[in-house]
Structure formats: structure tokens, C-alpha cells
Amino acid sequence: MAGDGDAAAGVVDAEVVIVGGGIAGLATALALRRAGAARGGGVLVLERHAELRATGAALTIFPNGWMALRALGVARKLTSRYGSYETSKVTNLETGATQVFRFAGNKDKCEDVRLRVVDRKALLEALAEELPPGTVRFSSKLVAIDTERAAAAGDSPDETVILRLDDGTVIRAKVLIGCDGVHSVVARWLGLSEPASSGRSAVRGLSVFPGGHHMKRELRQFLSEGLRAGMVPISDTDVYWFLVNNTKEAAGDPVKTLREVTDNLGRHMPAEYLDVVRRSDHANLSWAPLLYRSPASLLLAGAAAARGAVTVAGDAFHPMTPDMAQGGCSALEDAVVLARALAGAPAPAEGVAAYVAQRRWRAAWLVAGAYVSGWVQQGGTSVRGVLGQLVRVFRDWVFYPFVFPRLADTMWFDCGDLTPGTTQGESHTE
Ligand SMILES: Cc1cc2nc3c(=O)[nH]c(=O)nc-3n(C[C@H](O)[C@H](O)[C@H](O)COP(=O)(O)OP(=O)(O)OC[C@H]3O[C@@H](n4cnc5c(N)ncnc54)[C@H](O)[C@@H]3O)c2cc1C
């Protein structure tokens, strides 16, 4: 954890500080430990909430996410609890046609990397349990960042990062990794572009059937003009559901949110879906606008994601719309690649630069792929007239046969292992 410090003056010295105790932050802390990358010191995670908090109930983890979790040594804890899925049934409510997609396609179907939907809190806990006690400092909100030339550095360009928390604590860090989500303070300090609105939002919830839901283990999706709804069981009693829609804003109150889904936005959805929504646990409901960082800015100004030994990971780096369910999976990849880069570099700044160089093309591709996928399949379906026809022609004759398989391939990306001396793509051990 934190190293020496002047506690009386509220000043703490730390080797590596990670801001944000979400998927990216906890995975990065664990990856750094496993790679032995926190030279001589420890890793401190700052989380603004008083406990681990997961918005969004559940998330789908694709093979790339499982390979990263395997490198982190926590995949088995989760694969033993959550069953895998092979199929998604997508029903177009306008035509009545149902298409069945097999997730694995013709890839190697190794059981432990198959797609699974997991409870978000369980994922955070699985990562946090592997960290030494005290690694996560809760109720610690970063409010400002500064730098100063390292005191004993002579002519060296090394800078120490000075972090100010809302409780008055000051932390001096050698390495700063912003894992503070889509509205990242660290990304803003680095000068990355502000996230853009996709013009869409998503409602998500978890419904509980104490006597069992008796649903098939598959992802059901329903498409209708401007809407994509889905539901999938995550255990014998719990069902995760979502509704992606073309509104930007959201009601905060759970009762209003549910009424908006059942009586307005989703009123044309099948009765079985609405029945699931009505049984939602109010504590798990969320409604969020869908934001993304422009892929062009990630490519053109992406080098800004590294400044000395400061960088970003997860949504703080590459927020994306959820249409390929890759935000969390790619945050896990970031953690592994960053830790390996830091462990293998002579100085942290070089490791950070190598990480950003490796990640920004993939990040830009995922953000662009998710955006196009969402627009073609949902956002653009409410466009009328000739343009609407063109969108449908593009979707059926170009997107599904040519673009979709390329996008699906991205979900098989193997970020490699953390064992010192290995590189991207080498096999994992857990
Ligand atoms: C509708 C929807 C569905 C999705 N479905 C999937 C899916 O199925 N699969 C998938 O892989 N991804 C999915 N995602 C994406 C996924 O949720 C995100 O990519 C992932 O949560 C990013 O994790 P993160 O740790 O980078 O950010 P976050 O989860 O946002 O965590 C950031 C953390 O930083 C803390 N923090 C923020 N600011 C500060 C500060 N100043 N000081 C201290 N702490 C701070 C926050 O409290 C939080 O704990 C979905 C997203 C949406 C919106």
C-alpha cells in the first residue's frame, strides 16, 4: 500500500496510485501485483464511495475478458459460479422473424472462455479479495492533480504526481493510473477529448424469482423501431434485463423508471419480457446515457493518454457504447497489458508510453465497432424514408455478412499472460 508519509500533515507517499475501484482499477491493481510491477513499493487504489459499488447489475464477459481474468488468476472463481451460454435469439418485432446466433461461431469452444453473464458485484469482489487488506482506500475522492519535479532527480525529467483528495489528504505518487470511469478527472487532466453523447441511453435491472424462473439458458433480444431489449438468466433465480433506447435522458426514481419501461418505451415488448421487468429489484435499477470517446481522437490525440508516468485505463481511456458488451472486457485487457508494460520497462514513463501505443488502435476499433453496431441495429432503425431503407440494406447486406464477423473476432483477442518474461498472446496459467 502507501509508503512513507507525513500523516500529521495529511501527506502520503505512494509508489503507484490507481484512481477508481471499479473493474479497471481493481484489475489493474491485481495485475501490477502479479506482474511484480510496483517496484519496491505498493499499490494504492482510491475509491470515492464508502464500499465497492457496481452500477448496472450484471455484465456479459466474452472470451477476451475470460482470458484476461485467467491471467489475473480469478477466472475459475467465477466460471464455477456462472454457467456459459451458447446462443442468442434475436426477434425482430416488426417482421416477427427470429434469428439464432451461436456465440462461439466456429472458434475453439474451450469451456472456460465461453460467454457468461456475471453479477457485477461478484466480479469486483473476486478481484478485490486477491488484494492485500488496505489496498483500496474508500471514501477517497480525487479532486485535483498537479506535478512537481522529483526532488532528488537532478537533471532527470521525472515528475512526482501530487493528488489532492476531497478530505484534504495530499498524496505524492510516482505512477498515476486513472481508472475513474467515463467522467475521469485524470483523462481531463491529460487533455483527452470529452466523451460524446450517442443520443441513446440504457435501462438495466436484475429481477428475482424466488421460486425459480424456469427460463432457458440463452440471451433473448427483441428489436423494434429505435429499441433493443434483452433478458438473460444469470442464476436459477436471477434474470438480468436491459432496454437500450433512443432517449438521452433518464428518470432517477426506480418506480418512475420501471413505469417508463413497461408503460411507455417498452410497451410493445413481449409479455414475458415485461413480466421480468416488473419483478425488478429496485436497488439494482439504473438508467444511463450512452457516451463514447471519438475513435478519431483516440487515434489522432491518443498519445495524450500518456504523460510521463500518468495514464488511464478502462472507461477513463476509451468509453464506448455497450453494443458489443466490450467496455468491461477491454478494461480487463488494459489491466494486463499495462502491468506487463510497466514490469518490462526500465522506467515507468516508458512502460506507460508502450502501453498506450499498444492499446489505442484496439481501443479505437472497439469504440467505432460498438458505435456502428448500435446505430445500424438499433439507433438507425427509427430513420424513415429513403435513408431508413438504406440503413436496412446496409444492415442486411453489408453489416451482417461482412462487418459483424470482423467485430465478433475482436472478442477472441488474447491479451496474454502476466508471468514475467511472457508477451501478448502467450498461454495463461491460473
Ligand atoms: C448499458 C451498459 C451495458 C454494459 N454491458 C457490458 C457488458 O455486458 N460487458 C462489458 O464488458 N461491458 C459492459 N458495459 C461497459 C462496462 O460497464 C464498463 O466499461 C466498465 O464498468 C468500466 O469499468 P471502469 O472500472 O473503467 O469504470 P467504472 O465502472 O465507471 O468505475 C470507475 C470507478 O471510479 C470511481 N471514481 C470515479 N471518479 C472518482 C474520483 N474522482 N475519485 C475516486 N474514485 C472515483 C467510481 O466510483 C467507480 O468505482 C456496459 C455499459 C453500459 C452503460
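Colleague: How many of the residues of helix H2 (residues 63–72) are buried?
Modeller: This is a predicted model, and each count here is computed from it. Among the covered residues of H2 are Pro63, Trp66, Met67 and Leu72. Helix H2 is mostly covered, and its buried residues number 10 of 10.

Colleague: Which residue follows H2 with a positive phi?
Modeller: The helix covers residues 63–72. Its follower has a phi near 80 degrees, and that residue is Gly73.

Colleague: Which charged residue has its end over the ring of Trp66?
Modeller: Trp66 is one of the buried residues of H2. The charged end over its ring lies 5.7 Å from the ring centre and belongs to Arg116.

Colleague: How many residues of helix H1 are buried?
Modeller: Helix H1 takes in residues 23–35 and reaches 18 Å from its first C-alpha to its last, close to the 18 Å expected. The buried residues include Ile23, Leu26, Leu30 and Ala35. H1 is mostly covered, with a buried count of 11 of its 13 residues.

Colleague: Which residue just after H1 takes a positive phi?
Modeller: H1 is made of residues 23–35. Just after H1, a phi of about 65 degrees is taken by Gly36.

Colleague: Why is the pair of Phe222 and Tyr273 called edge-to-face?
Modeller: A search of the whole structure finds five aromatic pairs. In the pair of Phe222 and Tyr273 the ring centres are 6.1 Å apart. An angle over 60 degrees between the planes counts as edge-to-face. The planes of Phe222 and Tyr273 meet that limit, so the pair is edge-to-face, at 70 degrees.

Colleague: How many residues apart are Phe222 and Tyr273?
Modeller: Phe222 is in strand E13 (residues 219–224), while Tyr273 is in helix H7 (residues 271–278). Both Phe222 and Tyr273 are buried. The pair links distant parts of the chain, and the separation is 51 residues.

Colleague: Which residue is linked with Phe222 and Tyr273 into a cluster by ring pairs?
Modeller: Phe222 and Tyr273 are themselves an edge-to-face pair. Ring pairs link these two residues into a cluster with Trp241.

Colleague: What is the angle between the planes of Tyr292 and Tyr371?
Modeller: Tyr292 lies in strand E16 and Tyr371 in helix H10 (residues 348–377), so the pair ties together parts that are 79 residues apart in sequence. The centres are 4.9 Å apart, and the pair is tilted, with an angle of 50 degrees.

Colleague: Is Tyr292 buried or exposed?
Modeller: Buried means under 20% relative accessible area. Its partner Tyr371 has a value of 30% and is partly exposed. Tyr292 has a value of 15%, so Tyr292 counts as buried.

Colleague: Which helix gives the largest share of the nonpolar patch?
Modeller: The patch covers about 770 Å², and Tyr371, Trp375, Phe394 and Trp397 are among its residues. The elements that give two or more residues are H10 and H11 (385–410). The largest share is five residues, and the helix that gives it is H11.

Colleague: What is the relative accessible area of Phe394?
Modeller: Phe394 lies in helix H11. Phe394 is partly exposed, and its relative accessible area is 33%.

Colleague: Where is Glu15, the salt-bridge partner of Lys174?
Modeller: The closest N and O atoms of Lys174 and Glu15 are 3.6 Å apart. Glu15 is buried, at 14% relative accessibility. Lys174 lies in strand E11 (residues 170–178), 159 residues away in sequence, and Glu15 lies in strand E2 (residues 11–19).

Colleague: Which residue forms a salt bridge with Arg362?
Modeller: The charged end of Arg362 also sits over the ring of Phe413, 4.1 Å from its centre. The salt bridge has its closest N and O atoms 2.7 Å apart, and the partner of Arg362 is Glu333.

Colleague: Which residues are joined into one network by salt bridges that share partners?
Modeller: The side chains of Arg359 and Asp334 meet in a salt bridge of 2.7 Å, N to O. Arg359 lies in helix H10 and Asp334 in helix H9, so the pair ties together parts that are 25 residues apart in sequence. Both Arg359 and Asp334 are buried. Shared partners join one network of Glu333, Asp334, Arg359 and Arg362.

Note on methods
Residues are numbered from 1 along each chain as its sequence is written. Side-chain values use heavy atoms; hydrogens and water are left out. Rings of Phe, Tyr and Trp (its six-membered ring) pair if their centres lie within 6.5 Å; planes under 30 degrees apart count as stacked, over 60 as edge-to-face and the rest as tilted. Helices (H or I, at least four residues) and strands (E, at least two) are DSSP runs, numbered from the N terminus. Buried means under 20% relative accessible area, exposed over 50%, partly exposed in between (1.4 Å probe, protein chains only). A charge sits over a ring if NZ of Lys or CZ of Arg is within 6 Å of the ring centre and within 35 degrees of the ring normal. Patches are made of residues with over 30% relative accessible area and no salt bridge: like charges are joined within 9 Å, nonpolar side chains (Val, Leu, Ile, Met, Phe, Trp, Tyr) within 5 Å. Accessible areas come from the Shrake-Rupley method with a 1.4 Å probe; for residues, only the protein chains shown count as cover. A salt bridge is a side-chain nitrogen of Lys or Arg within 4 Å of a carboxyl oxygen of Asp or Glu. The expected span of a helix is 1.5 Å times one less than its number of residues.
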